[in-house]
Amino acid sequence: MSWSTTGSFLIPFPIPGAHLTSSRGTYVVGQLIGDGQYGSVYECVGPFDQPYALKMLRPANKPYHVVKEEWSREMHRLDSFRHPNIVYIHDAFEENYLFYLALERCDTSLRALLGHPLQPALLVELSRQLLMTLQYLHDNGLVHADLHAGNVLISQLDRAPIVKLTDFGVAQQLDGNRRWYRPQVANPKILVPELVTAGYTTAQSDLYQLGLLMFQMHTGQNAIDVNVPYEEVARQIAEGTPRQKAEALGTGIGNIIAKLLRRRDTYRYLSARDAWEDMRQLRWL
Ligand SMILES: Nc1ncnc2c1ncn2[C@@H]1O[C@H](COP(=O)(O)OP(=O)(O)OP(=O)(O)O)[C@@H](O)[C@H]1O
């Protein structure tokens, strides 16, 4: 059995076969799918024998009320942003001081597909769906701010792949502001120029993170060397290394990625819609 500490408590994490109960019924926990910075995700079977992905927010020595706030924020975001390309939330509950989200279970994440160039048709289709999802979020004043391959889930991979964006733990409602001044950097591997140089994030920051992701889908490689200290990652971003690499590809899609990776927001695509306008013009579409 695995254990975690929260303050003076010792709380057992769920193990395969464990039964968890919400007001909607009983969930049977299966194998661990994976761990992230903030949570662990398990296979799970719901009250009507449906397969779910059960996300448990890891306490990680944070006070109870902080974890509860994070869980509540993510639950409300997923609940209010219903879209075919956003992972569906079925239930949310607390049991034994741990907080859970019962989510639609997807086949895989984009992370599992990376490491080599994707077929152009697949790259375009996944990018199209991501752009459409970002436009929906931005039209509703939300910036995701944590767009990396582990948060891009995919359903129906063997037929017609459907993107399911997940993990709204970092996301921020802009509330009429254009810029969100952030207290801390959540994930140094997906830094954006405006965060490095001025400490803020905008909706266009999501487009930059998508550019990093599309570079990986197109080439199978990272546009930045992420296995280095934070200062070195920040230097690459501030110097515009990702854009230079995308331009050097000399491909139509490389040019679009380069424009997503512009450092100055006036030169970057202004919206996801604009980026798709260019992508749909590519000859091989
Ligand atoms: N609804 C889901 N269906 C299938 N797999 C999922 C689902 N949600 C998350 N996963 C997988 O579970 C693993 C852990 O997810 P989680 O969101 O906790 O962390 P992460 O995205 O890898 O990283 P981080 O939280 O640090 O951004 C990942 O491999 C992710 O792809």
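Colleague: How much area do domain 1 and domain 2 bury between them, and what part of it lies on carbon and sulfur atoms?

Modeller: Happy to walk through that; please keep in mind that this is a predicted model. An interface's size is often expressed as the accessible area that is lost when the parts come together. Here domain 1 and domain 2 bury about 1,600 Å² between them, with 51% of that on carbon and sulfur atoms. On the domain 1 side, R77, F81 and N85 lose the most area to domain 2, and together they make up 40% of what that side buries.

Colleague: Where do the bounds of domain 1 and domain 2 fall?

Modeller: Domain 1 covers residues 18–104, while domain 2 covers 108–281. Their centres, taken over C-alpha atoms, are 26 Å apart. Domain 1 brings 17 residues to the contact and domain 2 brings 22 residues.

Colleague: How many salt bridges are there between domain 1 and domain 2?

Modeller: The count is two salt bridges. As an example to look up in the viewer, K164 forms a salt bridge with E104, and their closest N and O atoms are 3.3 Å apart. For polar contacts, the count between the two domains is eleven residue pairs, both residues being at pLDDT 80 or more. On the side of domain 1 that touches domain 2, α1 and β8 each supply at least two residues. The largest share of that side comes from α1, with five residues.

Colleague: Let's turn to the sheets. In what order do the six strands of the open sheet run?

Modeller: First the general idea: strands of a sheet pair through backbone hydrogen bonds, and the pairing can be parallel or antiparallel. In this case the order is β3-β4-β5-β6-β8-β7, with antiparallel pairing. At the edges sit β3 (19–22) and β7 (89–95), each pairing on one side only. From one strand to the next, the twist averages 35 degrees.

Colleague: How many bridges join β7 to β8?

Modeller: Six bridges join β7 to β8 (residues 98–104), and the two run antiparallel. To follow the register, find I89, which stands opposite L103 in β8. Further along, F93 stands opposite Y100 in β8. The two strands form a hairpin with two residues between them, and N96 in the turn has a positive phi of about 50 degrees.

Colleague: Which strands does helix α1 lie across?

Modeller: Helix α1 (residues 64–80) lies across β6 (51–57), β7 and β8, and runs at about 20 degrees to β8. So there are two things to look for in this helix: how it lies on the strands, and the five residues it gives to the side of domain 1 that touches domain 2.

Colleague: And what is the order of the open sheet that three strands form?

Modeller: That order is β9-β11-β12, and the pairing is antiparallel. The edge strands are β9 (108–109) and β12 (162–165), each of which pairs on one side only. Two bridges link β9 to β11 (residues 152–155) in antiparallel fashion. One pair to check by eye is S109, whose bridge partner in β11 is L153.

Colleague: At about what angle to β12 does helix α2 run?

Modeller: Helix α2 (residues 120–139) runs at about 40 degrees to β12, and lies across both β11 and β12.

Technical notes: Residues are numbered from 1 along each chain as its sequence is written. This is a predicted model: local features need pLDDT of at least 70, side-chain atom pairs count only at pLDDT 80 or more; totals for chains, interfaces and linings use all residues. Side-chain values use heavy atoms; hydrogens and water are left out. Two strands pair if DSSP finds at least two bridges between them. Helices (H or I, at least four residues) and strands (E, at least two) are DSSP runs, numbered from the N terminus. Axes are lines fitted to C-alpha atoms, for helices over the stretch in contact, and angles run from 0 to 180 degrees between N-to-C directions. Contact means heavy atoms within 4.5 Å. Domain bounds come from an automatic or database domain assignment. Buried area is the accessible area (1.4 Å probe) that two parts lose on being put together, summed over both. A salt bridge is a side-chain nitrogen of Lys or Arg within 4 Å of a carboxyl oxygen of Asp or Glu. A polar contact is a pair of N or O atoms within 3.5 Å; within protein, one must be able to donate a hydrogen and the other to accept it, and residues adjacent in sequence count only if both atoms are side-chain atoms.
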